[in-house]
2 protein chains.
Amino acid sequence: MRRLKIEVCEDQLIHRDVVHQVKDKMLSYDAIFDLSTFFQVFSDETRLRILEALLVSELCVCDIASLLSMSQSSISHQLRTLRELSLVKPRKEGKVVYYSLMDDHIKKILDLGLEHVMEDENEKER
Amino acid sequence: MRRLKIEVCEDQLIHRDVVHQVKDKMLSYDAIFDLSTFFQVFSDETRLRILEALLVSELCVCDIASLLSMSQSSISHQLRTLRELSLVKPRKEGKVVYYSLMDDHIKKILDLGLEHVMEDENEKER
DNA sequence: CCTATATATGAATAATTATTCATATATAGA
DNA sequence: TCTATATATGAATAATTATTCATATATAGG
């Protein structure tokens, strides 16, 4: 996001009516912000792989790091992000912290995304 | 993504069996990459607002710029991104280029995201 | 209490990316 | 053909972010 400087097609829009009609149906800035934040979580390969893994089973930080062949620090940072966005929850058992998914909304989202991606794959083949 | 330097919890994972089991069910790197690329589209507020607007009606570049109070250049760049990822399609009519959504998968994705975001909102209120 | 290990986290860095600016291309109308 | 306008796009810039490195915290076991 950057500084704002409006420059609107020679100061007049072409289809005034339609634009006004659309404007009325738009989400609030807050909703859009939350939505973009939510989707951003799924835009990172590491986070996607973490979520995907947790879809199968609860795992500790160490397990995830090992599974993804990544550093413990990196995984911890990403888990923090996921935690802060209420997508995963920790369960402490001694030194070990186990993470699991907060709800199964996540599976729905991933599946829908995958569905779309697969369609694109098929179209490329034709 | 950065250079890779593995560091795996003192070189041994804690729950070897579970990790192996999870590993078998993981998506390919390609699929994960495509998935992250797909979700990344929805992680930007401007793109979300463009998609949301096109959900209501087909619009030309100029209309979108006006609607979002953003520069024509900025919108064109984002439309290019959306076009390249097959989320919108252009229709040229003289000088004017009208954009519309490629399919209605997009509505499903947005709705699902919104559903999740709204739930979070409600939880905060309690 | 001391050591080893699991996890968390702040700061720095490298990479990515959204917007701006300048400019190019395309088309309609005079 | 000349001009005005709609759109596209390359390069530069500013902001964001994923990972690393160093280190802190917490806990189990001796």
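Me: How many residues does helix H2 of chain B have, and what distance does it reach from its first C-alpha to its last?

Reply: Helix H2 of chain B (residues 29-41) has 13 residues and reaches 19 Å from its first C-alpha to its last, which is close to the 18 Å expected at 1.5 Å a residue; the expected span is 1.5 Å times one less than the number of residues. Helices (H or I, at least four residues) and strands (E, at least two) are DSSP runs numbered from the N terminus. This is a predicted model, in which local features need pLDDT of at least 70 and side-chain atom pairs count only at pLDDT 80 or more, while totals for chains, interfaces and linings use all residues. Residues are numbered from 1 along each chain as its sequence is written, chains are lettered from A and ligands numbered from 1 in the order in which they are written, and side-chain values use heavy atoms, with hydrogens and water left out.

Me: Which residues of H2(B) are buried?

Reply: Buried means under 20% relative accessible area, exposed over 50%, and partly exposed in between, with a 1.4 Å probe and protein chains only. In H2(B), the buried residues are Ala31(B), Ile32(B), Leu35(B), Ser36(B), Phe38(B), Phe39(B) and Val41(B).

Me: How many helices and strands are there in chain A, and what pattern do they follow along the sequence?

Reply: Chain A has six helices and three strands, and read along the sequence they follow the pattern α-α-α-β-α-α-β-β-α. Buried residues make up 48% of the 126 residues in chain A. A contact means heavy atoms within 4.5 Å, and among contacts in chain A between residues at least 6 apart in sequence, 48% join residues at least 24 apart.

Me: What turn lays chain A on chain B?

Reply: Two copies of a chain are related by a rotation about an axis and a shift along it. Here, chain A can be laid on chain B by a turn of 180° and a shift of 0.0 Å along the axis, with an RMSD of 0.0 Å. The two copies are thus related as by a two-fold rotation axis. The superposition is by least squares on the C-alpha atoms of residues with pLDDT of at least 70 in both copies. Of the interface residues of chain A, 100% are also interface residues in chain B, so the copies meet through the same surface.

Me: Which residues touch the most other members of the largest nonpolar core?

Reply: A nonpolar core is a set of buried Ala, Val, Leu, Ile, Met, Phe, Trp, Tyr and Cys residues joined through side-chain atoms within 4.5 Å. The largest one has 68 residues, of which Phe39(A), Phe42(A), Ile75(A), Phe39(B), Phe42(B) and Ile75(B) touch the most other members. Leaving out residues up to four places away in sequence, Ile75(B) touches Thr46(B), Ile50(B), Val61(B), Ile64(B), Ala65(B), Leu68(B) and Met70(B). Gln78(B), in helix H5 of chain B (residues 72-84), is buried at 15% relative accessibility, and its contacts, with the same residues left out, include Thr46(B) and Ile50(B).

Me: How many salt bridges does a search of the whole structure find?

Reply: A salt bridge is a side-chain nitrogen of Lys or Arg within 4 Å of a carboxyl oxygen of Asp or Glu, and the search finds eight over all chains. One of them joins Arg91(A) and Glu58(A), whose closest N and O atoms are 2.8 Å apart. Arg91(A) lies in strand E2 (residues 88-93) and Glu58(A) in the loop between helix H3 (45-56) and strand E1 (59-60) of chain A, so the pair ties together parts that are 33 residues apart in sequence. Both are partly exposed, Arg91(A) at 35% and Glu58(A) at 32%.

Me: Where do Lys107(B) and Asp111(B) lie?

Reply: An α-helix has 3.6 residues a turn, so residues three or four places apart point the same way. Lys107(B) and Asp111(B) form a salt bridge (3.2 Å, N to O), and both lie in helix H6 of chain B (residues 105-125), four residues apart, about one turn of the helix. In chain A, Lys107(A) forms a salt bridge with Asp111(A), with the closest N and O atoms 3.1 Å apart.

Me: What is the phi of Ser69(A), and where is this residue placed?

Reply: Most residues other than glycine have a negative phi, and most peptide bonds are trans. Ser69(A), however, has a positive phi near 55°, in the loop between helix H4 (61-68) and helix H5 (72-84) of chain A, and is partly exposed at 28%. Ser69(B) likewise has a positive phi, of about 50°.
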